[in-house]
Each structure stands twice: as structure tokens, then as C-alpha cells.
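Visitor: I'm new here and like to know the reasons behind the labels. Could you walk me through a few?

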Amino acid sequence: MASCLSVLLLLCLALAGSVSGQQLSATFYSRSCPRALAIIRAGGCDASVLLNDTANFTGEQGANPNVGSIRGFNVVDNIKAQVEAACKQTVSCADILAVAARDSVVALGGPSWRVLLGRRDSTTASLALANSDLPPPSFDVANLTASFAAKGLSQADMVALSGAHTVGQAQCQNFRDRLYNETNIDAAFAAALKASCPRPTGSGDGNLAPLDTTTPTAFDNAYYTNLLSNKGLLHSDQVLFNGGAVDGQVRSYASGPSRFRRDFAAAMVKMGNIAPLTGTQGQIRLVCSKVN
């Protein structure tokens with residue numbers, strides 16, 4: 001269960017690369033590594049988020065939205081080692097992440113979707129790009145919409161993909177301002193969180209709280225029902241239900257899981273096709289945390 005949660009925290013960070021003219025395929029490894037999908041499933045984007053810092057670049061693991069919160073690198077490294085033992089330098093870390101994200105969602109009770117394969121791994125990473133591309137917890141709906149639109153994703157996709165916050169955790173420093181300075185928050189919910197997230201900056205900054213306090217280890221629609229009760233942990237969560245343009249979509253997801261499951265799966269497929277590295281671009285890493 002912990003492995004599933006850890007891998008899922010990587011899913012929105014691992015699926016974009018450079019422009020490519022080649023298409024991905026669900027059967028990409030059917031001949032070159034037929035056991036790949038089974039190995040990934042048992043163990044459980046351009047994969048730039050996996051790269052450790054080097055002398056040539058500062059990687060994305062230390063980006064403001066990632067540092068202290070994103071986990072699961074060791075899970076992916078373990079899966080990669082098993083895949084390498086079966087098929088030497090054939091399956092990319094980016095594809096492993098894409099498949100592991102889907103399998104993790106399924107293992108936690110969420111929907112499945114068809115993962116297209118054939119991505120290659122990036123040979124660099126960028127802390128600056130991660131900081132500029134990853135939406136911070138302070139964003140409002142307009143900024144969130146613009147951030148997702150820059151990647152070719154719609155506002156509806158943004159609301160659906162935000163449902164990934166039905167699992168995972170956030171640090172106190174990312175929700176402290178919401179606890180002490182915002183009014184659209186359930187009083188009892190805020191009081192419970194304040195016990196481990198005191199007001200003074202620097203006190204308990206790294207303390208973690210579940211993004212979904214109702215069912216923190218299940219992939220369901222509770223994230224949206226929490227928003228209806230003003231129990232969104234992050235500012236960027238609660239803005240999705242605050243008298244704005246996406247209130248109706250949140251209500252629809254909260255009323256039953258079927259539409260959310262369908263829309264989330266469709267948005268994941270769409271996100272997974274955002275300009276991946278393919279063909280001779282990039283490389284197939286031997287170890288996910290470093291370039292060859």
C-alpha cells in the first residue's frame with residue numbers, strides 16, 4: 001500500500017518531454033520485453049523528476065512543490081532493476097512511471113486506463129522549469145487553468161486530475177496560510193490540523209497531513225466531497241469549490257464516483273501523450289536516478 005501511494009505522487013510529474021513526431025503504442029514492448037508490464041505491476045513523462053543533482057544540472061526533486069513531499073523514487077528504482085534483469089536497456093524509466101502510476105491507482109481502488117508506451121528518458125532535468133511549471137499551492141482557479149492549458153490540458157482536465165489528491169500528503173508549510181488566514185475552511189478541520197502545524201514559520205514546516213482526511217489511502221471521490229464541506233487541505237484545492245466556474249464539476253464528482261473515474265482516466269491518457277521523447281531522442285537509462 002505504501003508503495004502504491006508513493007508511486008502515485010509521481011504521476012503528474014513524469015509524463016512530458018520534448019516534441020516528437022512518433023506515436024506511442026500500448027504494445028510497444030510486446031516483443032522486446034513481454035514481461036515488462038507484469039514486472040512493473042508486481043513492483044508496485046520523461047522521468048526527469050527521478051534524476052539526482054549532478055555537476056551539470058540541479059534536478060527537480062528539490063523544486064518547491066516537490067521537496068519533502070514527493071516520495072517513491074526507491075520504488076521506481078527497484079522496479080527498474082527487475083526490468084533490467086529481464087530486458088537489458090529496453091524499457092524506459094518514463095514508461096515504468098506511466099505504468100506504475102496506472103497500476104497504483106488501480107491497486108488503491110481507482111480506475112484503469114490504456115497506457116501507451118515507447119517513451120524515452122530525458123538526459124537532463126531542470127529545477128527552474130519544475131519551479132515554474134508545477135502549480136504551487138497558492139494558485140487560484142485562473143492560474144491553475146492557465147498552468148494546465150500551457151501543457152495542452154483543459155480546465156475540466158485540471159479539475160479531474162486534481163482528484164489525484166485523494167491520496168498523498170502535504171507539508172505544513174504548504175497549508176499553514178490556509179489554516180490561519182482563510183475563512184472558507186471548516187473550523188473543526190482547521191483546529192485538528194493546527195495541532196501539528198503551528199502558526200510560526202519554521203515551526204513544524206515539514207510536518208505532513210493527508211490531502212484527503214476521509215479516506216487517505218483509497219482512490220475515490222472523497223476529495224471532492226471534502227471540498228463541499230470546506231475541508232480542502234491546500235488553498236489550490238479549496239478554490240475548486242468556492243463559488244466559481246468549476247463548482248458544478250466538483251459537485252458532479254462528489255455526487256458519485258463514476259464520472260470522476262471516467263474523466264480522470266481520460267485525462268491521464270491525455271496527459272501521458274504530451275510530447276514524449278521517442279525514437280532516437282533521449283536515452284534508455286540503466287538506473288532511473290542518473291543519466292547513462
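Guide: Sure, and let's start with a yardstick: a residue is called buried when its relative accessible area is under 20%, and exposed when that is over 50%. Keep in mind that this is a predicted model.

Visitor: Why is Asp-212 called buried?

Guide: Asp-212 has 0% relative accessibility. The cut-off is under 20%, so Asp-212 counts as buried. You'll find Asp-212 in the loop between strand E2 (208-210) and helix H10 (222-228).

Visitor: What makes the link between the side chains of Asp-212 and Thr-166 a polar contact?

Guide: The two side chains are joined at 3.2 Å, and the N or O atoms of such a pair must be within 3.5 Å. Thr-166 counts as buried too, at 0%, and sits in the loop between helix H7 (155-161) and strand E1 (169-171).

Visitor: How do you know that Thr-166, Asp-212, Thr-215 and Asp-220 gather at one spot?

Guide: UniProt, in an unreviewed entry, gives these four the annotation "binding site". They span 55 residues in sequence, but no two of their C-alpha atoms are more than 9.8 Å apart, so they gather at one spot. Thr-166 also touches Asp-212, Thr-215 and Asp-220, among others.

Visitor: And why is Pro-135 called partly exposed?

Guide: Pro-135 has 28% relative accessibility. Partly exposed lies between the 20% and 50% limits, so Pro-135 gets that label. Its place is the loop between helix H5 (127-133) and helix H6 (141-149).

Visitor: What about Asp-103, buried or exposed?

Guide: Buried, because its relative accessibility is 12%. Asp-103 belongs to helix H4 (residues 93-107).

Note on methods. Residues numbered from 1 in each chain as written. Predicted model: local features only at pLDDT ≥ 70, side-chain atom pairs only at ≥ 80, totals over all residues. Heavy atoms only, no water. Helix = DSSP H or I, 4+ residues; strand = E, 2+ residues; numbered from the N terminus. Buried < 20%, exposed > 50% of the residue type's maximum accessible area, 1.4 Å probe, protein only. UniProt positions renumbered as here; feature names shortened; annotations may be inferred. Contact = heavy atoms within 4.5 Å. Polar contact = N/O pair within 3.5 Å; in protein donor to acceptor, adjacent residues only side chain to side chain. Lists of a residue's contacts leave out its neighbours within four places in sequence.
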